[in-house]
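Reader: I am new to protein models. Could you show me how to read one?

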Amino acid sequence: MTGLLVRAAALYVFNVAVLLLIGLLMRSVSVGWHALWAAVVLTLATLALKPLLLKGFRSAAARSAGTRSRLGEKLVQYALVFVVELIVWVLTVLLSGVGVSDWFWGYILPPLYLLLAWVIYDQIDDRLEAKTGEVIGSLSSRITRRDAAASAQPSSTPSPETPATRIGRDELDDGLTPEQRRMLDEL
């Protein structure tokens, strides 16, 4: 769950940046402050459609295992991602305040930018997911060790104070040994 939240937040920030860049680079698309809402639509659509796309692509690749080359698989995958990005862009334009003035350049070129951004984000996402898993694993192991150490300690029932306990407590308080304390008392 935490990994999904980190992925969604990173994808949202990335989509805002890409949408603002599209708005700056293209005169036929006006994004402006609508990039914040459009990034929500784009992020949700990407998070919903990308796993379905990858699942479909992997099942199709499994059916035709011997007939595709590595380059062919990548080209087919990117073509499918472009179709998905086109659908996502149309949804983004319809469900947010993003305006498109020129039909061809406003609907075809932004999905190409989104495809390029998706390729870049896909590389970043793999590293981010690995690092997040590493950090979460480290934190959970620390918490588990701390909980195990806390449960392993005996119950804290007060025991009668012995002279050794008092001497030990005194040493912790001032850092002096009993002999040093005795010599200091004799002065």
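Author: We will look at confidence, then a pocket, then a surface patch. This is a predicted model, in which local features need pLDDT of at least 70 and side-chain atom pairs count only at pLDDT 80 or more, while totals for chains, interfaces and linings use all residues. Residues are numbered from 1 along each chain as its sequence is written, and side-chain values use heavy atoms, without hydrogens and water.

Reader: What pLDDT does the protein chain average?

Author: pLDDT is the predictor's confidence in each residue, from 0 to 100. The protein chain averages 75, and 76% of the residues score at least 70. Among its elements, helix H1 (residues 2-25) has the highest mean pLDDT, 83, and helix H6 (residues 163-174) the lowest, 65. Helices here are DSSP runs of H or I with at least four residues, numbered from the N terminus.

Reader: Which residues line the second largest pocket?

Author: Rolling a probe the size of a water molecule over the atoms shows where empty space is left. In this model, the residues lining that pocket include Phe14, Leu21, Tyr113 and Ile120. H1 gives the largest share of the lining, six residues, and helix H5 (109-152) is another element that supplies at least two.

Reader: Where is Val83 found, and how exposed or buried is Val83?

Author: Val83 sits in helix H3. Val83 is partly exposed, because its relative accessible area is 44%, and partly exposed lies between buried (under 20%) and exposed (over 50%), using a 1.4 Å probe and protein chains only. Helix H3 (residues 70-95) also brings five residues to the nonpolar patch, the largest share.

Key. On a 1 Å grid over the protein atoms alone, a cavity is a set of points where a 1.4 Å probe fits but cannot get out, and a pocket is an open set with protein on both sides within 12 Å along at least five of seven lines; lining residues have an atom within 4 Å of a point.
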